[in-house]
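Open the model in your viewer and keep the selection panel at hand. The stops below go from one element to the next.

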Amino acid sequence: MNVDFEVCCPVSPDLGSIRDLVRMHAQRGGLRGERLEDLVLAVNEAVTNVLDHGGAAGLITARGHSGGFTVEVLDVAGRLTAEQVASARIDPTRSHGFGLWVIQHLCDEVTVVQTDLGTLLRLRMRVHATAAAGRDRRVRHGGQETQPAA
């Protein structure tokens, strides 16, 4: 992957600023319209999960590259697993708990990597949607892929 530009910021409860930062850099990376807003919403959900369920600290890294845009959200708690993301479902009897399901259904690719620093959630969007992207989303952990829950 050839990186055209990169920006980093700490995880923070200032979600509006994080959304603005991601939106601005993703636009620079070529995302527009619904695909841009899908990525912004997915990042908002990922950061909210770090604040509410993780270590409440981490790092957001956004990278524009040829053909797309990637945002990595590092959670220092390191508790999130690929299986949790892949098995996320919506429970209509609950008023919250939809974040992981939203993330996996909005992004072209979601990868979960355990690192020495914590859990890295990588969200990728291609500039142009492909016909297969909406039907063949996968959650990756290392070299293994898991089909997300419907």
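Buried here means under 20% relative accessible area, computed with a 1.4 Å probe on protein chains only. The model is a predicted one.

Start by selecting residues 99-106, helix α4. Its buried residues are G99, L100, V102, I103, Q104 and L106. Because 6 of the 8 residues of α4 are buried, the helix is largely enclosed by the rest of the structure.

Next, select residues 58-65, strand β2. This strand is mostly covered, with 7 of its 8 residues buried. Add residues 68-75 to bring in strand β3, which runs antiparallel to β2 and is joined to it by 8 bridges. To check the register, pick L59: its bridge partner in β3 is L74. Then go to the turn of this hairpin, where 2 residues lie between the strands. There G67 takes a positive phi near 85 degrees.

Now move to the helix pair. Two packed helices are described by the angle between their axes and the distance between the axes. Select helix α1, residues 15-28, together with helix α2, residues 33-53. Their axes come within 9 Å and cross at roughly 145 degrees. The crossing of α1 past α2 is right-handed.

Show side chains for the contact. On α1 the residues are L15, I18, R19, V22, R23, A26 and Q27. On α2 they meet L36, E37, L39, V40, V43, N44, V47, T48 and L51. Coloured by type, the residues of this contact divide into 10 nonpolar, 3 polar and 3 charged.

Conventions:
Residues are numbered from 1 along each chain as its sequence is written. This is a predicted model: local features need pLDDT of at least 70, side-chain atom pairs count only at pLDDT 80 or more; totals for chains, interfaces and linings use all residues. Side-chain values use heavy atoms; hydrogens and water are left out. Buried means under 20% relative accessible area, exposed over 50%, partly exposed in between (1.4 Å probe, protein chains only). Helices (H or I, at least four residues) and strands (E, at least two) are DSSP runs, numbered from the N terminus. Two strands pair if DSSP finds at least two bridges between them. Axes are lines fitted to C-alpha atoms, for helices over the stretch in contact, and angles run from 0 to 180 degrees between N-to-C directions. A crossing is left-handed if the near helix is turned anticlockwise from the far one by less than a right angle, and right-handed if clockwise. Contact means heavy atoms within 4.5 Å. Ala, Val, Leu, Ile, Met, Phe, Trp, Tyr, Cys and Pro count as nonpolar, Asp, Glu, Lys and Arg as charged, and the others, Gly among them, as polar.
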